[in-house]
Amino acid sequence: MFETPDELHSLQVLLDTSLADSNSHLKSIIRPGMTTLDAEQVVRICHGMCTLTTS
């Protein structure tokens, strides 16, 4: 993980804002903390080149 604390904070703000601005249908599916990742988890998973998918 090479991101600075400021970069992690900016990513977290982006994630939080995206969820807050989503429509009611998406909000009915997404469960913060259960079906989401925080910024630190995202950068840990996305280290190097990878493919993300849902199951």
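Student: How many salt bridges does a search of the whole structure find?
Tutor: Good place to start, and keep in mind that this is a predicted model. A salt bridge here needs a side-chain nitrogen of Lys or Arg within 4 Å of a carboxyl oxygen of Asp or Glu. Arg44 and Glu40 meet that cut-off, with their closest N and O atoms 3.2 Å apart. For the whole structure, the search comes back with one salt bridge.

Student: Why are Arg44 and Glu40 separated by about one helical turn?
Tutor: Both residues belong to helix α3. The separation is about one helical turn because Arg44 and Glu40 are four residues apart in that helix.

Student: Is Arg44 buried or exposed, and how does Glu40 count?
Tutor: The cut-offs help here: exposed means over 50% relative accessible area, and partly exposed lies between 20% and that value. Glu40 has 38% relative accessibility, so Glu40 counts as partly exposed. Arg44 has 51%, so Arg44 counts as exposed.

Student: Which residues make the nonpolar surface patch of about 290 Å²?
Tutor: Let's begin with one member, Ile45, which is found in helix α3. Ile45 has a relative accessible area of 44% and is therefore partly exposed, and a patch residue needs over 30%. The full set making the patch is Leu37, Ile45 and Leu52.

Student: Where does Thr36 lie?
Tutor: Happily, the helix limits settle this one: α2 covers 24-29 and α3 covers 39-45. Thr36 has a relative accessible area of 28%, so this residue is partly exposed. Its place is the loop between α2 and α3.

Student: Which backbone nitrogen does the side chain of Thr36 reach?
Tutor: Leaving out residues up to four places away in sequence, Thr36 touches Ile30, Arg31 and Gln41. A polar contact requires N or O atoms within 3.5 Å. The side chain of Thr36 reaches its backbone partner at 2.8 Å, and that nitrogen belongs to Gly33.

Student: What distance separates the C-alpha atoms of Thr36 and Thr54?
Tutor: Along the chain, Thr36 and Thr54 are 18 residues apart. In space, their C-alpha atoms are separated by 11 Å.

Student: What percentage of the residues of the chain count as buried?
Tutor: For the overall picture, the chain has three helices and zero strands, and its C-alpha trace spans about 35 × 25 × 15 Å along the principal axes. The chain exposes about 4700 Å², with carbon and sulfur atoms supplying 59% of that area. Buried means under 20% relative accessible area. Of the 55 residues, the share that counts as buried is 7%.

Conventions: Residues are numbered from 1 along each chain as its sequence is written. This is a predicted model: local features need pLDDT of at least 70, side-chain atom pairs count only at pLDDT 80 or more; totals for chains, interfaces and linings use all residues. Side-chain values use heavy atoms; hydrogens and water are left out. Helices (H or I, at least four residues) and strands (E, at least two) are DSSP runs, numbered from the N terminus. Buried means under 20% relative accessible area, exposed over 50%, partly exposed in between (1.4 Å probe, protein chains only). Contact means heavy atoms within 4.5 Å. A polar contact is a pair of N or O atoms within 3.5 Å; within protein, one must be able to donate a hydrogen and the other to accept it, and residues adjacent in sequence count only if both atoms are side-chain atoms. Patches are made of residues with over 30% relative accessible area and no salt bridge: like charges are joined within 9 Å, nonpolar side chains (Val, Leu, Ile, Met, Phe, Trp, Tyr) within 5 Å. Accessible areas come from the Shrake-Rupley method with a 1.4 Å probe; for residues, only the protein chains shown count as cover.
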